[in-house]
Structure formats: C-alpha cells, structure tokens
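Subject: Structure handover

Hello,

Below is the structure I said I would pass on, with my notes after it. Please read the notes with the coordinates open.

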Amino acid sequence: WRRTHYSKEVGPAMADREVVIMGWVSSVRDHGNISFIIIKDMHGEVQVTAKKSEVGEQLFALAKEVKEHTSLGVRGKVRPQEKAPNGAEVVPAEIKAFSVAKKAAPFMTTGKSSPVGIDTRLDLRAVDLRRQQLGSIFRIRQTVVNAIREFLSRQDFIEVSTPKMIATATEGGAALFPIFYYDREAFLAQSPQLYKEQLTMAFESVFEIGPIFRAEPSRTNRHLSEATSVDVERAFADYGDVMALLERMIIHIIDSVKDRNKADLEFLEIAMPALELPFPKYSYSDLIDKLQEAGERIPWGDDISPQVMKSLQDERLNGFYFIVDWPTSTKPFYVKPKADDPKVCESFDLMYGPLEMSSGSTRINRKDQLIERMQKQGLKPDAFDYHLRVFDFGVPPHAGFGMGLERLLMALAKIENIRDATFYPRDIDRLAP
Ligand code: ATP
Ligand code: AMO
C-alpha cells in the first residue's frame with residue numbers, strides 16, 4: 001500500500017483510474033444506503049462515496065463506521081461527480097484505517113470560525129490546526145517567511161543564528177527568563193540585538209529569523225512569551241536606509257502572498273492592503289501634539305500605547321506608517337541620539353493601525369558613547385565587556401530593525417489573537433502543549 005495520488009490530483013480527467021489516497025477524515029455524511037467520507041490531505045479534499053449497492057455489504061459497513069479525524073487510506077476508482085470537490089469522487093474497493101479516532105473532538109474542524117473558546121482549542125492544538133482557517137493562516141505564514149528570505153538573500157544578506165542562551169539583558173524594559181546554565185545563572189535571549197550588530201563587522205548585511213523570549217506579565221492579544229523575530233542589521237547605513245529596506249520588504253511580502261495564496265485569501269475572505277511607497281512618516285513629537293489635541297493626557301516622553309493611538313480617528317493611520325524620532329529615554333542604550341538634538345534619537349516604529357510591527361534605529365558605533373548611554377540607563381558596562389571589546393576594532397556605522405513575525409501575520413491575515421499566528425503559543429498561563 002503506497003499513496004499514488006493527492007486529493008488535488010483526483011479530478012474528472014482521472015475517470016476510471018485506480019488510486020490510493022491517504023489522509024484524515026474531515027467529515028462523514030451518512031444517508032442510509034450511501035455514505036460520503038470527505039478525506040483531507042495536505043493539498044485539499046477528496047470525496048469517497050460508498051453506496052451499499054456498489055461496494056458490497058462488508059465494505060459499506062466499514063465505511064459507515066468511520067469517524068471524523070480517523071487517519072486512513074482508500075484504494076478505489078475515480079468517477080466524475082459534479083457535486084464533489086474537484087468534480088470527482090472515489091468509489092472504494094478497500095479502506096484501511098491507520099489510526100481510529102477514539103472519540104469526537106470537543107470542537108468542529110470544519111467551517112470558518114470555531115464555536116469554542118481559544119483555550120479549549122489550544123489544549124488540543126494539533127487537532128485544532130486541522131481547521132481550514134488555520135491551514136490558510138499558516139500557508140500565508142510560509143509565504144511570508146519565504147518572501148523575507150528571498151528578498152534579503154537577493155541583496156546579499158547573510159542569514160545568521162545567534163545564541164539564545166545569553167549572559168545579559170539587551171532590551172531594557174522587557175523582562176528576562178532566567179535559566180540554569182551549568183553552575184551559573186543565564187537568560188533566554190530577548191532579541192539577537194548585540195550579536196547582529198557585532199556581525200555587521202564581518203558580514204556587513206545580516207538577518208536572522210528566530211525565537212525571542214520575553215517574560216510579559218500582561219494578558220493581551222498581542223504579546224507572546226516566545227515570539228518569532230525577523231532581525232535585520234546593515235553596516236554603513238542609517239535608520240532612513242533601513243526604513244526604506246523594510247518598506248520594500250513589506251511590499252515584496254504582500255505581493256508574494258497575493259500571488260501564492262489566492263485560495264487562502266479567498267477562504268479567509270480577506271484582501272492584502274494596497275500600498276504606496278514611501279509609507280507615511282510621523283514624528284513622535286507631532287503625534288504627541290495630535291494626541292493632546294484629541295484630548296489624551298499623554299506627556300511628551302511616554303510610550304504610545306495602542307489604546308491611545310485608537311483615539312486618533314485619522315484614516316492615514318489605518319495601514320502601515322512609521323513613527324520616527326522617539327525620545328532617547330524611551331529606547332534602549334544602543335540607539336543613537338540625534339547629533340543636533342540628543343533628547344530624541346534616530347529611531348522608528350513601523351505601525352499597522354494601532355499595532356506595532358517593528359522597531360529599529362541607527363546604532364551607536366563608538367565605544368565611549370555606548371558606555372555613557374549604558375550608565376545613563378543604569379546598566380553596568382562591566383557586564384557588557386564581551387560586547388564592548390569589539391568596539392576597539394572598527395565597528396562600522398550600522399542600523400537595523402526587528403519585526404515580530406506573528407504581529408505581521410496578525411495584520412495581514414486579520415487575526416484577532418496573536419496566539420493563532422503561532423503553532424504552540426506560550427503566555428503567562430500556558431506552557432503546554
Ligand atoms: P436523504 O437522506 O437526504 O433523504 P438519500 O438517502 O435519498 O438522502 P441521496 O439522495 O442519494 O440519498 O443523496 C443524499 C444527498 O447527497 C443529496 O442531497 C444529494 O444531492 C447528495 N448526493 C448524492 N449523490 C452525491 C454524490 N455522488 N456526491 C455528492 N453529493 C451527492
Ligand atoms: P522591540 O522590543 O520593539 O525591538 O521588538 C521588535 C518587535 O518584536 C515584536 N515583539 C513581540 N511580538 C510578540 N510578542 C511579544 N512579546 C513581542 N515583543 C516584541 C514586535 C516588536 O515591534 N532589538 C530591537 C529591534 C531592533 O532595534 O533591531 C527590539 O527587540 O513586533
């Protein structure tokens with residue numbers, strides 16, 4: 001027994017051919033003397049039609065016993081059938097159940113939305129992931145990841161892997177997960193920041209797609225304790241250069257999804273946003289003025305939360321846009337203050353509506369300035385000796401950004417809860433499955 005065909009290959013053109021298909025049962029419709037079994041495989045669906053008068057008592061009895069989620073193989077003949085997916089069905093000659101579903105799943109895996117809460121689904125995530133909606137979301141994710149790799153590789157970026165077990169914090173505010181590292185305390189990396197910066201010395205242009213770990217105590221729909229970050233860093237560039245790179249990368253991603261995920265977009269009933277370059281840019285200070293005019297009591301120097309952004313009813317703020325030139329005090333120590341106005345720094349956030357997608361900046365590349373910024377932020381330069389020592393050997397001027405892959409997927413696929421943009425979400429309440 002070997003699979004001879006996938007569901008998508010079973011069409012009217014295959015009439016009278018014998019096939020062996022394999023997959024899992026997504027639905028069974030029993031109409032007395034005829035039973036329809038819909039089998040799903042990685043490419044789609046195929047209908048197996050067992051009519052008592054055609055297949056004989058024994059096989060018919062077996063077909064009637066098949067339960068949703070059972071994984072099975074069917075050998076049979078293809079017959080054109082307008083009412084079936086792809087316009088053909090398989091009349092079974094033999095059915096082999098590889099693994100019988102023991103009981104009904106606590107939720108449906110057909111249909112667009114699930115009637116049960118997300119926690120019930122996540123408790124049985126692998127079954128939940130059989131839903132077509134999530135199938136579409138993760139096929140879009142696949143395109144996004146491939147498009148990023150293509151786009152950056154074409155411009156001679158080197159894909160790197162940096163340590164996830166590290167000795168010191170990099171992202172000020174975001175809390176660390178401590179771990180045991182032999183006889184010492186260590187941490188899970190909040191971002192590849194310092195390593196990607198160092199690697200510009202050797203390779204000039206680098207990127208990484210990998211996990212970041214953040215002990216986020218809040219229960220929100222946009223934070224994960226383990227997220228996937230797309231980190232990009234480039235030598236001899238400033239924040240203007242990497243903003244231009246980031247927006248072209250977003251365009252390439254969107255074009256790729258439009259091109260490669262037509263059926264998924266149709267199923268999800270969504271369209272990719274229409275974009276024009278360059279994306280709008282608003283300075284932090286201008287936005288604070290606007291927010292204050294709109295009645296928000298937000299002082300200059302505070303971070304801007306999505307809740308606050310929602311109070312700005314400005315349609316130019318619906319799609320992608322940059323907020324640039326943040327107060328130096330709101331950003332980590334490695335971000336370069338502006339030479340003519342050091343209260344603000346050469347930094348940006350890429351937003352999609354009220355949601356932050358990415359942040360980036362021009363970095364400090366002089367050792368004395370970096371030490372000074374560490375001290376101002378209450379960090380001990382000694383703890384960063386492993387990092388600071390490379391600055392004696394010609395670290396180039398450089399700039400980069402980090403983009404949350406799940407955040408981007410939320411925006412593009414219109415996902416309400418970030419947990420559905422990742423396979424096995426981690427949050428303050430969830431460490432399993
Ligand atoms: P019911 O239980 O609704 O009275 P039935 O026992 O009379 O149905 P059929 O009329 O053969 O059985 O088919 C039941 C349903 O399945 C009908 O809605 C019919 O349109 C549909 N149907 C019949 N044959 C096929 C087929 N080969 N592929 C898909 N759908 C089919
Ligand atoms: P920042 O801390 O802004 O910047 O993170 C970059 C992007 O990562 C995503 N992100 C998250 N997504 C889901 N859950 C989380 N808990 C989470 N935390 C962050 C967001 C965010 O915009 N080193 C800098 C980047 C740089 O300057 O290159 C950094 O980490 O989309």
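A residue is called buried here if 20 or more other C-beta atoms lie within 10 Å of its own, exposed if 12 or fewer, and partly exposed in between. Note also that this is a predicted model.

**Helix α13**

By that count, helix α13 (405–413) is mostly covered, with 9 of its 9 residues buried. The buried set runs Leu405, Glu406, Arg407, Leu408, Leu409, Met410, Ala411, Leu412 and Ala413, so charged side chains such as Glu406 and Arg407 fall under the 20-neighbour cut-off for burial too. Directly after α13 comes Lys414, with a positive phi of about 55 degrees.

**Nonpolar cores**

Nonpolar side chains in soluble globular proteins tend to be buried together. In this model the largest nonpolar core has 68 residues, and the members that touch the most others are Val144, Val242, Leu246, Leu408 and Leu409. Helix α7 (residues 239–260) contributes the largest share of this core, 9 residues. Another core lies apart from it and has 19 residues, including Ile21, Ile37, Ile38 and Val66.

Leu409 is a useful place to look at the packing. Neighbours within four places in sequence aside, Leu409 is in contact with Ile137, Ile140, Arg141, Val144, Ile415 and Ala421.

**The sheet**

An open sheet is formed by 8 strands in the order β6-β10-β11-β16-β15-β14-β13-β12, with mixed pairing. Its edge strands, β6 (158–159) and β12 (281–283), each pair on one side only.

- At the β12 edge, β12 pairs with strand β13 (residues 320–324) in the parallel sense over 3 bridges. Lys281 has Phe322 of β13 as its bridge partner.
- Strand β11 (residues 226–235) has 9 of its 10 residues buried.
- On one side, β11 pairs with strand β10 (residues 205–213) in the antiparallel sense over 9 bridges. Ala227 of β11 stands opposite Ile212.
- β11 also pairs with strand β16 (residues 398–404), again antiparallel, through 7 bridges. Here Ala235 has His398 of β16 as its bridge partner.

**Ligand sites**

Which residues surround ligand 1? They are His31, Gly32, Ile34, Phe36, Thr49, Gln81, Lys83, Ala84 and Glu89. By class, this shell divides into 3 nonpolar, 4 polar and 2 charged residues.

Ligand 2 has 24 residues around it, of which Ser191, Ala227, Ser359, Gly402 and Gly404 come nearest. The shell around ligand 2 divides into 6 nonpolar, 11 polar and 7 charged residues. At least two residues of this shell come from each of β11, β15 (355–362), β16 and α13. The most come from β15, which gives 6. Ala227, one of the nearest residues, is the β11 residue that faces Ile212 in the strand pairing described above.

**Annotated positions**

An unreviewed UniProt entry lists Glu356 and Ser359 under "binding site". Glu356 lies in strand β15, and Ser359 has its place in strand β15 as well.

Are these two residues buried or partly exposed? Glu356 is partly exposed, because 19 other C-beta atoms lie within 10 Å and the cut-off for burial is 20. Ser359 is buried, because it has 21 such atoms within 10 Å.

Leaving aside neighbours within four places in sequence, the contacts of Glu356 are Asp349, Met351 and Arg407. Arg407 is one of the buried residues of α13. On the same basis, Ser359 is in contact with Phe348, Asp349, Phe401 and Gly402. Gly402 and Ser359 are both among the residues that come nearest to ligand 2.

**Leu124**

One residue outside these regions is also worth a note. Leu124 is found in the loop between α3 (118–123) and α4 (125–128). Leu124 counts as partly exposed because it has 14 C-beta neighbours inside 10 Å. Beyond its neighbours within four places in sequence, Leu124 is in contact with Ala105 and Pro106. Leu124 and Glu18 are 106 residues apart in sequence and 36 Å apart in space, C-alpha to C-alpha.

Regards

How values were computed:
Residues are numbered from 1 along each chain as its sequence is written. Chains are lettered from A and ligands numbered from 1 in the order in which they are written. This is a predicted model: local features need pLDDT of at least 70, side-chain atom pairs count only at pLDDT 80 or more; totals for chains, interfaces and linings use all residues. Helices (H or I, at least four residues) and strands (E, at least two) are DSSP runs, numbered from the N terminus. Two strands pair if DSSP finds at least two bridges between them. A residue is near a molecule or strand if its C-beta atom, placed from the backbone, lies within 6 Å of it. UniProt positions are given in the numbering used here, feature names are shortened, and annotations may be inferred rather than shown by experiment. Two residues are in contact if their C-beta atoms, placed from the backbone, lie within 7 Å. A nonpolar core is a set of buried Ala, Val, Leu, Ile, Met, Phe, Trp, Tyr and Cys residues joined through C-beta atoms within 7 Å.
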